[in-house]
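Got your viewer open? Let's take a walk through this one, stop by stop.

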Amino acid sequence: MAILLASCNTLKRVEDDELLLSKNRVFTNGERVVDDDIQSLLVQKPNSRVLGYPLRLNLYNLAKPNPDSTFQEWLKRRPKREARLARLLSEKQVNRLGESFLVKGYSEWLKKIGEAPVIIDTNRTRRSLERLSAYYGSKGYFNNTTTYSVIPTRKQHAEINYNINLGKPFIIDTFTKQIQSSAIDSLYNLNAENSFIKTGDVFDLANFNLERERLTSLFRNSGVYNFQESSITYDIERDTTRANDDQLMNVELNIEDLRRRSDTTVTTAAYKVFKFDQINIYADYQFGQDMDSLKSVSYDDYTIYYKDKLRYKPKALTDAIFFTKDSIYRDLDRIRTYRQITNLNTFKYPNIEFIEDPERDVLTSNIYLSARSKYSLGLDFDITHSNIQRLGIGFSTALVSRNIFGGAETLSLSARGTFGLLSDESLPEDYFSEIGSEINLTFPRIWFPFWLPFVKADRIVPYYMLPTTRISAGISFQENIGLDKQTFNSIFGYNWSPSDFKRSALELLNVQYVRNVNPDRFFNVYTSSYESLDNIADAYQDPLAFPELDEFFQDTDNTTDPRRLIIPEGTTGFTNAILNGDVSSSQEDLIDVSRIEERRQRLTENNLIFTSNFTFTRNNRSGINDNSFSQIRVKFESAGNILSTISRIVPFEENDNGNLLVFGVPFSQYVKTELDYIKHWDLSRSNVLAMRTFFGIAVPYGNAESVPFVRSYFAGGSNDNRAWFPYSLGPGSSQDINDFNEANLKLAFNLEYRFPIVGDIKGALFADVGNIWNVWDNVDDPKKTFSGFESLADIAIGSGFGIRYDFSYFVFRLDTGFKTYNPALEPSKRWFRDYNFANAVFQIGINYPF
């Protein structure tokens, strides 16, 4: 504590005649400017702060300024100290001690992660003024004047005010052009209305750069494949024919001819619009290959060269090429060709060559494709630990075969397995296992089943959208995990990307069959349900009062609970006795037992889920360093409609409840929709404000009264409301202590402020709002159901802070959440009742939650 207090002196490294910079202010014509782009022009910036505290500055102040001399002073402070240490450690070790981490390295480390005090430097202040003047000059204020003032605020602290008098801006009066190539002149005239440079506008250098980029893109996408951006220049001069107070500019656009440089000369040639004459595709290309020995085949105006045998269907190759014979060159087609060939997942990054014939104004395109390995094998191994698994060892392997049918299809066979020891010693078994396998077949195009041969897929989803078709099937088996589920999955769907920022996914058919092998273990696994039922049974355990129930109980050594229900015979028998009226019970007990039984039946029944769904995602993030972006994901899913339609033609069997059965299992029927919106704001200096809003609802109907457990919603966890563990929040204001609380309606809102602390260590403050409810299903508990706007009073609020370490490839996250508003408590005790570290929830996660 003493060390921390000593370091809190921010002026520790500031000399008496120096001033510590505390703030910068920029004013234009007397008005303050808070634009981050303007602030970035300043050479000197105040020391960074974490929640208003100069942490890095004070860490720097902890370091010793001269650790070498300090160590030598300590060593020689007593005459015999150096000699004693030399006899004890040796003279060499004493010298090394001075270079050790505790003596020197510690201070160097503090300086590295810390931040030296920012002392006001007039030279740097003048450089900032020069930058500000140049910036506003580029915006047309050529006659701007700049001054600065240093304003002391408190002891050895000062602020700098930068004042810019903009003056009158320069205006573009006339705009002319001088274009040497006739082809370029024609293209420009056809698109002149889109120019960023217009007469009457204030001169802005940024618009000139935008216009140069626009014209370059225009020409390269209009047949001029070799256009050089350096051919575009501007002549700008002041109009001297007007009165002196008119600050007008004359602008002339110059586009010169193509320049070619050789070792000794520079030649020029007029730009021309080129068309494609020949398009050659070299399959299985290898560097240094003898081209004369290759065979060739023509397909749709393409020539495909290969060695010995063509291993690819010609259409699979030509569909990935966006150049066509007699079409003009477009840079966009070149980019799309690169992307689509990469999307085939069969070739390495391609090499595309263009050879021009200037006499005929045509191009020959040579596309060289180097094949990736036909087969690849991957193997992963990991060790896990959780509240269920005391120790788990997992492995997975995948065999990938490319170009399986000659059309660049990819076949993947994978297997996985996890084995280990259970953490719960109350279970009779002490081990668990889970194994599974999956087969995936991917087509790099939209593939329709044989009954839709007349549909032109490329007209619906063009190849530039990178379409893929996925067919998969998988199976998994669990032993000593929950109810020992056996799961079968099968998917037939499509994916495509209309642009770099948009993605669409359509699953025509997603089939999931879940079989619970050991449903009698329900009360062994869901212990909270068992405790609730056993507590109800305490009033009926007296063999004299209820002799018909005596066989359902067993004696225990627990004096507070001497008799408990036997699993599963006792739990089943007691439940049936209450529900069938075999014993006299209260209305409250009848309702509670019926709810426990409803939950047991729902979680132990086998599920057959036939769904179709569509997901659309839009993310405008331009790169990993873009901290101002938004993302929206919309999903719609429908289950059971196909089987319901078939049942009108083919009669299905029914169970006692009137549900239609397929292979002896009632199929699920529901509609589900989700909306997930994420927004990030860059607050400068790596400070980010992130927000997420989620809404999801799944409504059962027809053949089902509830949504399958695997398709329902839960609340809590490291990526949701972090003040609650997963599945522990809700539904509604209920005080359920079920092992897995879930429902079919969810609302969530998250807000997080992220900031740097030291080096790769980041911090966060967050607030999480949300809950789950039951709606339009067979749950009748008013505390769990959503009945209107008044149910919004049951929204839970969690808040807290987090520490993150950025490993570049991923972020390790530790969040601490506090229950700020707990709807499960009495209304008068909901706010800040458990807002303390004793009731805090610690969540570990990988990467940011949103």
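Which residue is the bridge partner of Val 150 in S4? Select Val 150 and look across to Ile 160, its bridge partner in that strand. Keep in mind as you go that this is a predicted model.

**Stop 1: strand S4 and its neighbours**

Now select residues 157-165, which make up strand S4. Seven of its nine residues are buried, so this strand is mostly covered. On one side, add strand S3, residues 145-154: S3 and S4 pair in the antiparallel sense, over nine bridges. The hairpin they form has two residues between the strands, and Gln 156 there takes a positive phi near 55 degrees.

Next, bring in strand S1, residues 20-28. S1 also pairs with S4, but in the parallel sense and over eight bridges. To see one spot along that pairing, pick Arg 25 and find Asn 161, its bridge partner in S4.

**Stop 2: aromatic rings**

Colour Phe, Tyr and Trp now. The count of aromatic pairs comes to 49. Zoom in on Phe 522 and Phe 523: the ring centres are 5.0 Å apart and the planes sit at 85 degrees, which makes the pair edge-to-face. Are these two buried or exposed? Phe 522 has 1% relative accessibility, so it counts as buried. Phe 523 is buried as well, at 5%.

For another geometry, jump to Trp 831 and Phe 832. Their ring centres are 5.8 Å apart with planes at 35 degrees, so this pair is tilted.

Back at Phe 522 and Phe 523, widen the selection to Tyr 526, Tyr 530, Phe 709, Phe 714, Tyr 727 and Phe 740: ring pairs link these eight residues into a cluster.

**Stop 3: charges over rings**

Stay on Phe 714 and show Lys 746, which lies over the face of that ring, 5.7 Å from the ring centre. Then move to Phe 850: the charged end of Arg 754 sits over its ring, 5.3 Å from the centre.

**Stop 4: helix H16**

Last, select helix H16, residues 569-579. Its buried residues include Gly 570, Thr 571, Gly 573, Phe 574, Thr 575, Ala 577 and Ile 578. What covers them? Show helix H14 (522-525), helix H15 (527-537), strand S23 (563-565) and helix H17 (587-604), which are among the elements doing so. Finish just past the helix at Gly 581, which follows H16 and has a positive phi near 75 degrees.

Terms used:
Residues are numbered from 1 along each chain as its sequence is written. This is a predicted model: local features need pLDDT of at least 70, side-chain atom pairs count only at pLDDT 80 or more; totals for chains, interfaces and linings use all residues. Side-chain values use heavy atoms; hydrogens and water are left out. Buried means under 20% relative accessible area, exposed over 50%, partly exposed in between (1.4 Å probe, protein chains only). Helices (H or I, at least four residues) and strands (E, at least two) are DSSP runs, numbered from the N terminus. Two strands pair if DSSP finds at least two bridges between them. Rings of Phe, Tyr and Trp (its six-membered ring) pair if their centres lie within 6.5 Å; planes under 30 degrees apart count as stacked, over 60 as edge-to-face and the rest as tilted. A charge sits over a ring if NZ of Lys or CZ of Arg is within 6 Å of the ring centre and within 35 degrees of the ring normal. Contact means heavy atoms within 4.5 Å.
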